[in-house]
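Here's a pair of short exercises to try with the structure open. Have a go at each task before you read the solution.

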Amino acid sequence: MKFIIAIIKPFKLDEVREALSAIGVAGMTVSEVKGFGRQKGQTEIYRGAEYSTNMLPKVKLEIAASDALAAQVVETIQQTASTDSIGDGKIFVLDLASTTRIRTGETGENAL
């Protein structure tokens, strides 16, 4: 099993969610986060004063997937979330040692 973490632009969330549902992803966790990379932040005007913020709003997706589905999940996120511009985000893939469904006690891939 794999644990996939993707950081994407917020306006791409619905499109990515629909694409993942279409390939069989049953669920995911979504968090609103802030961060920066090569984009380096942005300049904003607040109450007439200009200031620079180095943290940009992003969305973090967390998905547990079977080994068989993981590569397709990564490819789907990469293709759907891409705008071909700086700040599109990153995808991290980690090995997932175990999982347990709390309600039924199922473990492993059956709990996904």
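The exercises below go from the overall fold to one lysine, and bear in mind that this is a predicted model.

**Exercise 1. Sketch the fold and its contacts.**
Work out how many helices and strands the protein has, and in what pattern they follow along the sequence.

*Solution.*
- Step 1: Count the elements, and you get two helices and six strands.
- Step 2: Put them in sequence order, which reads β-α-β-β-β-β-α-β.
- Step 3: Look at how far apart the contacting residues are: of the contacts between residues at least 6 apart in sequence, 72% join residues at least 24 apart.
- Step 4: Check the burial, and 28% of the 112 residues turn out to be buried.
- Step 5: Turn to the surface: the protein exposes about 7,400 Å², with 49% of that supplied by carbon and sulfur atoms.

**Exercise 2. Place K12.**
Is K12 buried or exposed, and which residues does K12 touch beyond four places away in sequence?

*Solution.*
- Step 1: Locate K12 in the loop that runs between β1 (2-8) and α1 (13-22).
- Step 2: Take its relative accessibility, 10%. The cut-off for buried is under 20%, so K12 counts as buried.
- Step 3: List what K12 touches, leaving out residues up to four places away: T80, A81, S82 and T83.
- Step 4: Add the polar partners. The K12 side chain makes a polar contact with the side chain of E15 at 3.2 Å, and the K12 side chain also reaches the backbone oxygen of T80 at 3.3 Å.
- Step 5: Put it together: K12 is a buried loop residue whose side chain has polar contacts to E15 and T80.

Terms used:
Residues numbered from 1 in each chain as written. Predicted model: local features only at pLDDT ≥ 70, side-chain atom pairs only at ≥ 80, totals over all residues. Heavy atoms only, no water. Helix = DSSP H or I, 4+ residues; strand = E, 2+ residues; numbered from the N terminus. Buried < 20%, exposed > 50% of the residue type's maximum accessible area, 1.4 Å probe, protein only. Contact = heavy atoms within 4.5 Å. Areas by Shrake-Rupley, 256 points an atom, 1.4 Å probe, with all protein chains shown as cover. Polar contact = N/O pair within 3.5 Å; in protein donor to acceptor, adjacent residues only side chain to side chain.
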